[in-house]
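Student: I would like to go through the charged pairs and the enclosed spaces of this model. Where do we begin?

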Amino acid sequence: MIQGCKVPSVSLNISPQGYLTLCCSAGSHTLEHISKVDSIEEFFNSSVMDYYRDELKKGNIETLNPCNKCYKMNQDGFSTFRTRIEEDYFKFPKEELDNKAREVGMNVPIRHLEYTLSNICNQSCAMCGSMFSHTWIELDKKLGRKVFPLSKLDEESIEKIEKVLYGLNYIEIKGGEPFADIRNFRILKKLIEVNPKCNIHIVTNMQSITPEAMSILKQLSNVKLFASIDGVGKIYDWIRGGNFEKTVNNMENFYNETGKTIQIGTTISLYNFYSLERIQEYFENKPYIHNIVFDNWVHRPLISSTLCLPEDMFNKRLEELKQRINIVPTTWYHARDNLKQRFLEETEKMNEHRGFNLFDYVPELREWYK
């Protein structure tokens, strides 16, 4: 039984639209906008955050919004930031001292910051939307979905981020696409200056790394790249709206330039559910790959998720995958009626947008369609 969560005691998240949230799993449950706070560190030490820390310390995760959603995801088998924190994936050397300082009313630094400067992105992943990728704006309009405008943190907000860099053990840069928004380079340069030992995690599609970006990466001793690879060849191109060969070339180049390997993180959707082994087969012996992780299951939007499948089909395929790759399983549940029809309708629209048919490369989905 999950008793609580220590994420709010060490971490803060900044969304592409500039909202401060408890973590990446908080979704639309925002606490404040970065433009409305004088200092991110002061907000982190405010009564707003104390409320969540106290409630979670009492073990009220099952009823506390939005933490109860994370709890439910954990119960359903999904890995979340909470589970990674609790499993000591992240190390916080001064955590005990910080807790004692907080008990006597002292402010403590943020130890883990996850941020996104904008929704600027150079891909339009099929399971994404305009909230996280500005390339989806016109597509969302075309598909009749909620449209998020181009969002960028302003100069003052970036300065606020720079002021908390000194105390971080970890910084996680997401997007959008971090390498598509060059203002991330400014923050990385500042981090080299004030906190060179900080662990830097960059979640990237590896579609484009400029010479300037590569020069900065070579200066970072504790940087790790997490490449989003959701397929091989044309399946990758369809899912992510990018170019697989270009991505692979950039991964090889990063390894050759820095000597650092890359972790692949695969987002598991219905689009790639029947081709995950191909990712394993293609990358498993590549010298530039550290490991491949299959644990990020799509649960929103539902039309991109494996929950569209009937339970028996889902379970049969999952058992096949468990024999072939190191996949973190999840549990099927009935999410909504008519998901199959909606999946097919939206996939046909994306086929038209991409200019080729996903079903030509995933025959299992074509058979299901028939």
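**Cavities and salt bridges**

Tutor: This is a predicted model. Take the largest cavity to begin with: H1, helix H4 (67–75) and helix H5 (81–86) each supply at least two residues of its lining.

Student: What is the volume of the largest cavity?

Tutor: The search counts cavities of 30 Å³ or more, and there are 3 of them. Among the 14 residues lining the largest cavity, Cys5, Leu22, Cys23, Cys67 and Cys70 are the closest to its centre. By class the lining has 12 nonpolar, 1 polar and 1 charged residues. The volume of this largest cavity is about 110 Å³.

Student: Which helix gives the most to the lining of the second largest cavity?

Tutor: The second largest cavity holds about 50 Å³ of space. Its lining includes Trp136, Arg145, Trp238, Glu346, Thr347 and Met350, and by class it has 6 nonpolar, 1 polar and 2 charged residues. With 3 residues, the helix that gives the most is H15 (residues 339–354).

Student: Now the charged pairs. How many residues apart are Lys6 and Glu95?

Tutor: Lys6 and Glu95 form a salt bridge, with their closest N and O atoms 3.5 Å apart. Lys6 sits in the segment before helix H1 (7–10), while Glu95 belongs to helix H6 (residues 95–103), so the bridge links distant parts of the chain, and the separation is 89 residues.

Student: Is Glu55 buried or exposed?

Tutor: Glu55 meets Lys58 in a salt bridge of 3.5 Å, N to O. Lys58 has a relative accessible area of 60%, which is over 50%, so Lys58 is exposed. Glu55 has 16%, and because the cut-off is under 20%, Glu55 is buried.

Student: Which helices does the salt bridge between Arg186 and Glu155 tie together?

Tutor: The side chains of Arg186 and Glu155 meet at 2.8 Å, N to O. The two residues are 31 apart in sequence, so the bridge ties together separate parts: Arg186 lies in helix H9 (residues 183–194) and Glu155 in helix H8 (residues 155–162). Arg186 is partly exposed at 28% relative accessibility, and Glu155 is partly exposed at 42%. The helices asked for are H9 and H8.

Student: Which residues are joined into one network by salt bridges that share partners?

Tutor: Side chains of opposite charge can pair when their charged atoms come close. Across the whole structure, 21 salt bridges are found. Those that share partners make one network of Glu277, Arg317, Glu320 and Arg324.

Methods
Residues numbered from 1 in each chain as written. Predicted model: local features only at pLDDT ≥ 70, side-chain atom pairs only at ≥ 80, totals over all residues. Heavy atoms only, no water. Salt bridge = Lys/Arg side-chain N within 4 Å of Asp/Glu carboxyl O. Helix = DSSP H or I, 4+ residues; strand = E, 2+ residues; numbered from the N terminus. Buried < 20%, exposed > 50% of the residue type's maximum accessible area, 1.4 Å probe, protein only. 1 Å grid on protein atoms, 1.4 Å probe; cavity = no way out; pocket = protein on both sides within 12 Å on 5 of 7 lines; lining within 4 Å. Points joined across faces, edges and corners; volume = space filled by probe spheres on them. Nonpolar A, V, L, I, M, F, W, Y, C, P; charged D, E, K, R; others polar.
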